[in-house]
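Q: I have this one open next to me and would like to go through a few parts of it. Could you help me read it?

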There are 2 protein chains.
Amino acid sequence: MQTIQQSFKVEYSYAVFFTHYLFDQKNPLLKNFFNDYSEQGFQRKALVIADEGFLHHHPEIPGQISSYFSESVPQVQLASEIISVPGGETAKNDINTFNRLVEAVDMYGIDRHSFIIAIGGGAVLDLVGYAAAVSHRGIKLIRIPTTVLSQNDSGVGVKNSINFHGKKNFLGTFAPPVAVFNDLTFLKSLDDRDWRSGIAEAIKVALIKDAAFFEWMEEHVVALAHRDTESMAYLIHRCAEMHTDHIAGGDPFEFGSSRPLDFGHWAAHKLEYLTNFEIRHGEAVAIGIALDCVYAAKAGRLAEADLNRILEVMHKLGFELYHPKLSENDKINLRNGLQEFREHLGGQLTIMLLDKIGKGTEVHELDTGIISDAVDFLSAFQSQLTESKVLE
Amino acid sequence: MQTIQQSFKVEYSYAVFFTHYLFDQKNPLLKNFFNDYSEQGFQRKALVIADEGFLHHHPEIPGQISSYFSESVPQVQLASEIISVPGGETAKNDINTFNRLVEAVDMYGIDRHSFIIAIGGGAVLDLVGYAAAVSHRGIKLIRIPTTVLSQNDSGVGVKNSINFHGKKNFLGTFAPPVAVFNDLTFLKSLDDRDWRSGIAEAIKVALIKDAAFFEWMEEHVVALAHRDTESMAYLIHRCAEMHTDHIAGGDPFEFGSSRPLDFGHWAAHKLEYLTNFEIRHGEAVAIGIALDCVYAAKAGRLAEADLNRILEVMHKLGFELYHPKLSENDKINLRNGLQEFREHLGGQLTIMLLDKIGKGTEVHELDTGIISDAVDFLSAFQSQLTESKVLE
């Protein structure tokens, strides 16, 4: 009998809004969003799930949310409690936390026409996004990222996940949100490590795609290091824009194998694991970028002048560019990391290396000898900087 | 700052193949499929997960699969064991079964470039499809449906799911397979209830979309009731074709609220639940269709001649058109079912009713008095038929 050939397209669209004081009654952004979503005959509901660390720093937020909805969005019925979840990898490791969210979806009758509003850093957005994506085969998700990293990178993208038996991101889906609200006022309560850490992904996209953006960073490196809000606002906007462009222009749900945004990430993933996630993702990515840039220079691919500019920017931002775990067991762990990344990609290794600032090329092999040399270089580089600081 | 507007499309395509003796060395279908999927540099793997009831009826299959892959598909590395899972709702109720599948994905290193091959009826395909969809954010899924229902309906579609705390399909995703192989020889081992039960979804699509297909069923009703393979092959092909057309032509991932394929399903869902799933899905759907058709006739929408033709076809196929649970607690349960369906749809009830054979219209209200009358009608109809059988 004749083969049936099925073929269709699914369209996604969502906006990433930038704002201050999102839940202030005078801010019409959320109100307008929900008004545009109204449809006769549907009683939409909303369930807010937030990072407990964020709620601790912003105890006024639950009350503000409740007032905002009752006064400005009366057509959406808000669940009677805000669900609080731990931040960081903890949230993604414990299946009971996931179950608790699905139970809340059931208890509050959140259906496919209702909303889940996720407030928090990358890990919480990953977890809540996953719970939303698989409950009733997909509840409408609104993301309110509260960290630099989630506002400029993961929070504006299409992925979500939890860990399974300690394996990072083993369970997850590709599921775009219906809207992202980046409230820049939330960044003020971040500690310095989280503020800095989020800049790593901006450096990454600048290096592989946009030399002008990297030059802008060089010019604003002092302002960024000193937590200048306006510079950070521009950095987040430009990085988010490049991230969303990349998703739309390529292979949004990663059916293929090219993953240029993994630049600097193979070593970073291993380093996070080796440090038991005590190092922040962005801190690991900064080291991963440094390592692959030194590698590219040693392989005769990247000019030394470019390498120095890259290391200088990261150093001035306050990133450490070496971690002792890189050298552990005579670098065997790191080589395992490369092997694991190869397996993760399905057997064929694909690594992005820089040709120059703003332009990367994918290669399919790395030389372990050069990796070792690059580790030694970074070790010496970092201890020299530390010594010179001590002498200052 | 300026809002970033994200927008993209994701393309899906897959073939539904019809064949006999899929794993016979002389059948090149699977071999050709995998050859088309080869890509240099990738070592693809495959994990087979099968319905234990099916394996019991087809003990030769594991050996055949193993020989087929080693001789005809050497480029794909088959996992060393076939994972067996219980059939029916049991498979979807126990989270440990889901965990066991994800653990197998991990243990056998099944990555996003590898395949999971699911063999079984609708429940097993739902479960395995869900495990595949969320492991590594989506492993390529090949479905080999082994029942009439899964070959003509669920197995060719885009949904998957498991139950959560006893709630049917509470967790799931929309995730198309990369291929579906309908092997008609597998239907021979079905018992009469499963053979018949799968025909209900074909009746459903014929009634709402294709009068000619319904007429074909009237002409072939005796052949279908007597398990004529050729008639069944045509029925499955036509039903699968209409199902895939519907998905491609409409709203594949059901972002909106129109769900015409739910015709006859609101009462069916409740009935499955009330009978603790002792009634087959197709058996419940037949009763649900009968109920909504009697309703449409009593509401003056459907001509009595059409109603009689519909009830006659279903009766001749061997379907019972009434179940005592419909009348339980003076029909309060059934009315609750309508309310639950309304909530499931997000507050606005949408029910497909027939205007005539081949044409349905969506309505947003049902009269509970007429529902009661329709239940009484079916009760009388069924007992009259049973009596006349006893008298024969």
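Q: Which residue stands opposite A:Ile162 in β8(A)?

A: This is a predicted model, and in it A:Leu171 of β8(A) is the residue that stands opposite A:Ile162.

Q: How do β7(A) and β8(A) pair, and over how many bridges?

A: Strand β7, residues 159-164 of chain A, pairs with β8(A) in the antiparallel sense, and the pairing runs over 5 bridges. The two strands form a hairpin with 2 residues between them, where A:His165 takes a positive phi near 50°.

Q: Is β8(A) mostly covered or mostly exposed?

A: Strand β8, which spans residues 167-174 of chain A, is mostly covered, with 6 of its 8 residues buried.

Q: Switching topic, what turn lays chain A on chain B?

A: A turn of 180° with a shift of 0.0 Å along the axis lays chain A on chain B, and the RMSD is 0.0 Å. That is why the relation is one of a two-fold axis. The same surface serves both copies, since 100% of the contact residues of chain A recur in chain B.

Q: And which residue of chain A comes closest to the rotation axis?

A: That is A:Val10, whose C-alpha lies 2.6 Å from the rotation axis.

Q: Last one, over in chain B: how many residues does α14(B) have, and how far does it reach?

A: Helix α14 of chain B, residues 281-298, has 18 residues and reaches 26 Å from its first C-alpha to its last, close to the 26 Å expected at 1.5 Å a residue. Of the 18 residues in α14(B), 15 are buried, and the helix is followed by B:Gly300, which has a positive phi near 75°.

Definitions and conventions. Residues numbered from 1 in each chain as written. Chains lettered and ligands numbered in written order. Predicted model: local features only at pLDDT ≥ 70, side-chain atom pairs only at ≥ 80, totals over all residues. Heavy atoms only, no water. Buried < 20%, exposed > 50% of the residue type's maximum accessible area, 1.4 Å probe, protein only. Helix = DSSP H or I, 4+ residues; strand = E, 2+ residues; numbered from the N terminus. Pairing = 2+ DSSP bridges. Least-squares fit on C-alpha atoms with pLDDT ≥ 70 in both. Contact = heavy atoms within 4.5 Å. Expected span 1.5 Å × (residues − 1).
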